[in-house]
Amino acid sequence: MPAKRPPVPLSRERIIEAALHIADSQGLRRLTMRRLGDALQVEAMAIYHHLPRGKEALMDALAEHVTTVHVEQGPTWQETAKAWCRAGRELLREHPGVLALALTKPPKGATAIAIREQTEQLAEGGLGDAPEAVRALRAFVFGSVAVEVQQSGWADPEVDEWVRRDERADVDFERGLDALLKGLQT
């Protein structure tokens, strides 16, 4: 008889990954603490040891997870901004199930730190009104991803398989990003 494997210890990271999987595959409405506990093979109450505020803390953690992006400073503020926007877009596209949280939860914790870092990088790169630029760039990224997810069929119960990659969306994103960066130069 083979030896039983010890259970994988519960951690905040493991909880977030399981919650993301549920939200992305079944939708945010189907993410309950009980369902999450079942996915992790623990009692739902065990999750509260890692997220004492329960579901509210879980929603905050999910929003933070998909909106916290760090990139290296580029040679120009435009290159840095492009890197931020592309990385942010990819992270949001990986987890369409929590896009609504990303759009509605105010930036906290690591996300707020990342936004401050982005603002500092753009200012150090020579951009005059970096805070305003960061707001515009974040709005562009969030809006672009929202349109992509909407058009992908992800939330449509009638669609059997949603489109994760759309080359037209990639071209539209890059065109819009270039136009926005040109507008920020003036």
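**Exercises: rings, cores and a helix**

By the ring-centre rule, this predicted model comes out with one aromatic pair. Let's work through a few more features.

**Exercise 1.** Find the ring that the charged end of Arg-89 sits over, and say how far it is from the ring centre.

*Solution.* Start at the charged end of Arg-89 and look for the ring beneath: that ring belongs to Phe-173. Now take the distance to the ring's centre, which is 4.5 Å. The cut-off is 6 Å, so this one passes on distance.

**Exercise 2.** Work out which residues touch the most other members of the largest nonpolar core, and which helix gives the most to that core.

*Solution.* First, the size: this core holds 45 residues. Next, the best-connected members turn out to be Leu-36, Leu-58 and Leu-62. Then check the suppliers: helices giving at least two residues each include H1 (12-26), H2 (33-40) and H9 (167-185). The top contributor is H8, with nine residues. Finally, don't miss the other core lying apart from this one: it has five residues, among them Val-71 and Trp-84.

**Exercise 3.** Describe helix H4: its span, its buried residues and what covers them.

*Solution.* Step one: H4 has 13 residues and spans 18 Å from first C-alpha to last, close to the expected 18 Å. Step two: pick out the buried residues, including Leu-58, Asp-60, Leu-62 and Thr-67. Step three: see what lies over them, and you'll find H1, H2, H5, H6, H7 and H8 among the cover. Step four: zoom in on Leu-58. Skipping its neighbours within four places in sequence, Leu-58 contacts Ile-15, Ala-19, Leu-31, Met-33, Leu-36 and Leu-51.

Technical notes:
Residues are numbered from 1 along each chain as its sequence is written. This is a predicted model: local features need pLDDT of at least 70, side-chain atom pairs count only at pLDDT 80 or more; totals for chains, interfaces and linings use all residues. Side-chain values use heavy atoms; hydrogens and water are left out. A nonpolar core is a set of buried Ala, Val, Leu, Ile, Met, Phe, Trp, Tyr and Cys residues joined through side-chain atoms within 4.5 Å. Buried means under 20% relative accessible area, exposed over 50%, partly exposed in between (1.4 Å probe, protein chains only). Helices (H or I, at least four residues) and strands (E, at least two) are DSSP runs, numbered from the N terminus. Contact means heavy atoms within 4.5 Å. Rings of Phe, Tyr and Trp (its six-membered ring) pair if their centres lie within 6.5 Å; planes under 30 degrees apart count as stacked, over 60 as edge-to-face and the rest as tilted. A charge sits over a ring if NZ of Lys or CZ of Arg is within 6 Å of the ring centre and within 35 degrees of the ring normal. The expected span of a helix is 1.5 Å times one less than its number of residues.
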